[in-house]
Every structure is written in structure tokens, then in C-alpha cells.
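Please find below my notes on this model. They are in numbered points, taken site by site.

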Amino acid sequence: MPVDLEFIAKQFRVYGDFVSARPYRSGHINDTYLVVLNQGGLPVSYIFQRINHHVFKRPPELMDNITRVTGHIRAKLESAGVEDPFRRVLTVIPTREQLSYCKDKGGNYWRAYVFITGAHTYDTPISNEQAFQVAYAFGKFQEMMVGLPGPPLHETIPDFHNAPVRFEEFRHSLKSDRYGRAKLAGPEIDFLTEHAGLFDVLPGLVKKGKIPVRITHNDTKVNNVMLDDETGEGICVIDLDTVMPGLTLYDFGDLARTTLCDAAEDERDLRKVEINLSRFEAILKGYLSAAGGFLNKTEVSHLPTGAKMMTLLIGMRFLIDFLDGDHYFKIQREMHNLDRCRVQFKLVRSMIEQETEWSRKQR
Ligand code: ADP
Ligand code: GN1
Ligand code: MG
């Protein structure tokens with residue numbers, strides 16, 4: 001069904017005549033559009049997103065989380081006297097009925113955000129400084145979540161980073177092999193099986209009370225921080241669908257996965273997939289200078305475990321989707337999910353090789 005963004009836009013409290021709408025830098029799950037309205041001769045941009053309700057089964061709960069989280073950050077920015085709070089936190093635009101989302105005739109859920117001007121996201125960092133900025137922004141975000149008042153946030157995807165549960169999913173997919181694809185992924189299946197012990201480390205530490213469950217972002221890809229075009233500063237953490245209870249090490253891990261190497265997540269030339277030691281130093285510095293004040297000792301000493309575990313986990317999720325016939329992550333070509341999986345597993349290998357050096361940097 002074609003998307004009628006002019007109609008969708010009318011449901012929200014935005015003013016002006018509809019000018020245009022186009023798909024805008026979408027990730028693997030939701031659909032993002034840039035909508036332009038004419039406000040008294042001035043073109044004004046907005047971000048509209050269709051929430052994937054097959055993945056996020058309860059969009060109203062998800063939007064409740066986002067409203068609370070963004071409201072909390074905004075209050076903090078305002079009380080600190082920050083000049084441009086509209087660029088430093090997502091602003092949810094309400095509908096005419098004062099809801100944070102609307103539902104279209106096809107049963108799709110939509111939301112609208114103020115467009116953050118003068119800043120961009122990058123799919124891979126182009127410098128250590130950018131990596132530092134992204135790490136710092138996610139660290140600050142976690143720090144701000146420490147004092148979030150009210151009841152626990154909704155779990156928007158149950159067991160999202162529960163690696164042992166995900167590993168069971170993998171075993172199930174492998175066993176049923178519905179698309180006959182397991183034969184194409186022999187080395188990846190072996191690699192995962194060999195390294196699956198990594199998945200038990202963090203749950204073990206939680207059980208022993210050594211690391212706490214906190215409120216975390218859970219999708220800390222490098223392209224989920226907007227960097228200011230002029231200063232390069234990481235000004236706004238976006239993509240808040242998975243903000244919920246989690247481990248800080250998940251966030252550091254996904255941050256490491258997407259910043260330590262300049263190759264794309266789906267790079268086919270695996271020779272390009274090597275992690276960069278000076279990047280590790282940059283994210284360590286950025287993350288700890290923001291989050292070091294509240295993390296406990298075990299969290300800090302297990303940052304490398306977080307990096308390996310999350311990279312292996314995301315690689316496994318790509319592999320599961322490949323085995324299951326590519327129904328979860330959007331793909332642009334055949335074997336896309338297997339290519340993505342290969343990159344993640346190569347990253348894990350490279351992380352293991354560099355671990356001794358990492359520990360030196362951590363001291
Ligand atoms: P996805 O879940 O698909 O990754 P995001 O929420 O990260 O969706 O948005 C996709 C891209 O759209 C981002 O990487 C960013 O470049 C851009 N974007 C998202 N929200 C805004 C905003 N409020 N202002 C400007 N650009 C935005
Ligand atoms: C998905 O939507 P996007 O592209 O930001 C996925 C993340 C994965 C990521 C891998 C809800 O994120 O968990 O780490 O792809 N989001 C969901 O690139 O599954
Ligand atoms: Mg994103």
C-alpha cells in the first residue's frame with residue numbers, strides 16, 4: 001500500500017502546507033521519512049517514522065517509554081541551562097488527539113519528531129574523534145538514565161539481548177533448517193558453536209550480583225548519535241525504541257562493534273574487517289569520561305567481554321535470520337544476512353586477537 005504522508009502529517013500537531021516526503025536513511029527495522037511543510041513561505045523539515053509492529057509488538061508502550069525518557073532528558077537539559085535543548089534530545093510531536101503516535105487505516109503506527117538541524121549520523125566513524133564523541137554521548141545517556149523516576153520502563157522486545165535464549169533460537173533454526181541454507185554457513189555455524197560460552201559470562205555476573213540491571217539504550221550503533229556539523233560534538237542520542245532495562249556492557253559492546261572498524265556492517269571483503277587499537281582507546285576514553293562515575297568495578301573490567309559478546313550476539317542474530325529466510329532484518333541482496341554475520345564473526349576474531357593489548361590500554 002502506498003504511504004500517504006500528507007494524510008499522516010495531518011494527524012499531528014504540525015502546521016503548514018505539505019510540500020514533500022521521501023524515505024530517509026532507514027535502518028534495518030523501522031521506516032523513516034523526511035517530511036517538508038511550508039510554514040509561511042519557509043520550508044520546515046520533520047522526521048516521520050513508521051514503527052515496525054511485527055518487531056515491536058506494543059507500540060503504545062514503546063512510545064510511553066520514549067515520552068518518559070525524552071521528557072526526563074529535556075528537564076535535565078533545561079535545568080542545566082543548555083541553550084539548544086531541541087537539538088540535544090528527540091522531541092516527540094503529539095497528534096491532534098494529544099497522543100504520541102497515530103494509527104493509520106492499514107494498522108500501522110506512526111510517530112513524528114522535530115528535525116534536528118546542523119547535525120548528521122555516520123554509518124562508520126571516520127576518525128577517532130568521532131568515535132570518542134559517540135562513546136561519550138552514549139555514556140552520558142546512560143548516566144542520565146540512572147535517575148529516571150517512575151516505574152520500570154516497558155520491555156519493548158522481551159529477551160532482546162538475552163544471549164542464552166537467542167542461542168536456543170539459533171539451535172532451533174539450525175535444526176529445522178527450513179530453507180536448506182545451513183550448508184551455506186558451515187564455518188559460521190562452527191565459529192558460533194565454538195564461542196557460545198561467551199554468552200554465559202554476563203548472565204553469570206548478574207546472578208552473582210556483580211553487575212546490576214540498569215536502564216540502557218540497547219541499540220548503540222555509531223549511527224544512533226547525531227554529530228554537530230560545525231563542532232563535531234555528539235549532540236543527540238536517537239533511535240530510542242529499545243531503551244529499557246539492560247546491562248551497560250550491552251551498550252558498550254554494540255558501540256565497540258560499530259566503531260572499532262571502518263568497514264561496513266555488510267562488507268564482503270573480509271580483509272577490510274580488522275579492529276583498530278587506537279579506536280578502542282578513543283571509545284574507552286569517551287565512554288568512561290561520561291559513565292565512569294557510576295559504573296562499578298566489574299562493569300569496567302568486563303568492557304572487552306561486552307564487546308565480544310555483543311558482536312557475537314548480533315552476528316548470531318543475522319545468522320538466525322539467514323537460516324529462517326530473511327524475515328526480520330531488511331535485506332538488499334541475496335545472502336545479505338550471511339554477509340553481515342561474517343563481518344561480525346570476523347570482528348569477534350579480531351577482538352580476541354587484540355585482547356591482551358586492550359587490557360594494557362585499560363590499565
Ligand atoms: P532506524 O531505527 O531505522 O535506525 P533512526 O531513528 O535511527 O531509525 O533514524 C534513521 C536516521 O534518520 C538516523 O540515522 C538519522 O540520520 C535520521 N534521523 C532520525 N531522527 C532524526 C531527527 N529527529 N532529526 C534529524 N535526523 C534524524
Ligand atoms: C537493528 O533498526 P536498527 O537498524 O537501528 C536491530 C539492532 C541490531 C542492528 C544491527 C530492533 O537496528 O538490534 O543491532 O539492526 N534492531 C532491532 O545493525 O532488532
Ligand atoms: Mg538508527
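1. Start with ligand 2. This is a predicted model, and 17 residues surround ligand 2 in it. Asp219, Lys221, Glu265, Arg317 and Tyr328 come nearest.

2. Which side chains make polar contacts with the oxygen atoms of ligand 2? Three are worth checking on screen. Tyr328 places a polar side-chain atom 2.5 Å from an oxygen of ligand 2. For Lys221, the distance from a side-chain N or O atom to a ligand 2 oxygen is 2.8 Å. For the side chain of Asp239, the corresponding distance is 3.1 Å. On its own, ligand 2 would expose 450 Å², and the protein buries 96% of that area.

3. Now the make-up of that shell. Helix H8 (248-259) and helix H11 (303-324) are the elements that give two or more residues to the shell around ligand 2. H11 provides the largest share, with 3 residues. By type, the shell holds 8 nonpolar, 2 polar and 7 charged residues. Domain 1 (5-117) and domain 2 (128-362) each contribute at least three residues to the shell around ligand 2.

4. The metal comes next. Ligand 3 is a magnesium ion. Its protein donors are Asn224, through OD1, and Asp239, through OD. They lie 2.1 to 2.2 Å from the ion. Asn224 sits in the loop between strand E7 (214-216) and strand E8 (225-228), while Asp239 sits in the loop between strand E9 (234-237) and strand E10 (244-246), so the pair ties together parts 15 residues apart in sequence.

5. Are the two magnesium donors buried or exposed? Asn224 has a relative accessible area of 4%, so it is buried. Asp239 has 28% relative accessibility, so it counts as partly exposed. Asp239 deserves a second look for another reason. Its side chain also has an N or O atom 3.1 Å from an oxygen of ligand 2, and Asp239 is among the residues closest to ligand 1.

6. Ligand 1 has a shell of 18 residues. The closest are Gly27, Gln49, Ile116, Thr121 and Asp239. Several contacts here are made by the backbone. A polar backbone atom of Gly27 is 2.7 Å from an oxygen of ligand 1. A backbone N or O atom of Val114 is 3.0 Å from a nitrogen of ligand 1. A polar backbone atom of Asn223 is 3.4 Å from a ligand 1 oxygen. Taken alone, ligand 1 exposes 550 Å², of which the protein buries 94%.

7. Where does ligand 1 lie with respect to the domains? Both domain 1 (5-117) and domain 2 (128-362) give residues to its shell, so ligand 1 lies between them. Strand E3 (42-51) and strand E5 (109-114) each supply at least two residues. The shell divides into 9 nonpolar, 7 polar and 2 charged residues.

8. Two residues of helix H12 (336-362) are worth a note. Gln354 is found in this helix. It is buried, at 16% relative accessible area. Its side chain reaches the backbone oxygen of Ile275 at 3.0 Å. Ser350 is in H12 as well. Ser350 has a relative accessible area of 1%, so it is buried. From C-alpha to C-alpha, Ser350 is 28 Å from Asp239, and 111 residues separate the two in sequence.

9. Please check two backbone angles. Gln98 has a phi near 65°, a positive value in a residue other than glycine. Gln98 lies in the loop between helix H3 (85-88) and strand E4 (102-103). At 53% relative accessibility, Gln98 is exposed. Asp326 also has a positive phi, near 60°, and is a residue other than glycine. Asp326 is in the loop between H11 and H12. At 16% relative accessibility, Asp326 is buried.

10. One loop residue remains. Ala196 lies between helix H6 (186-195) and helix H7 (201-207), in the connecting loop. Its relative accessible area is 11%, so Ala196 is buried. The C-alpha atoms of Ala196 and Ile51 are 32 Å apart, with their positions 145 residues apart along the chain.

Terms used
Residues numbered from 1 in each chain as written. Chains lettered and ligands numbered in written order. Predicted model: local features only at pLDDT ≥ 70, side-chain atom pairs only at ≥ 80, totals over all residues. Heavy atoms only, no water. Near = heavy atom within 4 Å. Polar contact = N/O pair within 3.5 Å; in protein donor to acceptor, adjacent residues only side chain to side chain. Areas by Shrake-Rupley, 256 points an atom, 1.4 Å probe, with all protein chains shown as cover. Helix = DSSP H or I, 4+ residues; strand = E, 2+ residues; numbered from the N terminus. Nonpolar A, V, L, I, M, F, W, Y, C, P; charged D, E, K, R; others polar. Domains from an automatic or database assignment. Donors = N, O, S within 2.8 Å, 3.2 Å for Na, K, Ca; no water. Buried < 20%, exposed > 50% of the residue type's maximum accessible area, 1.4 Å probe, protein only.
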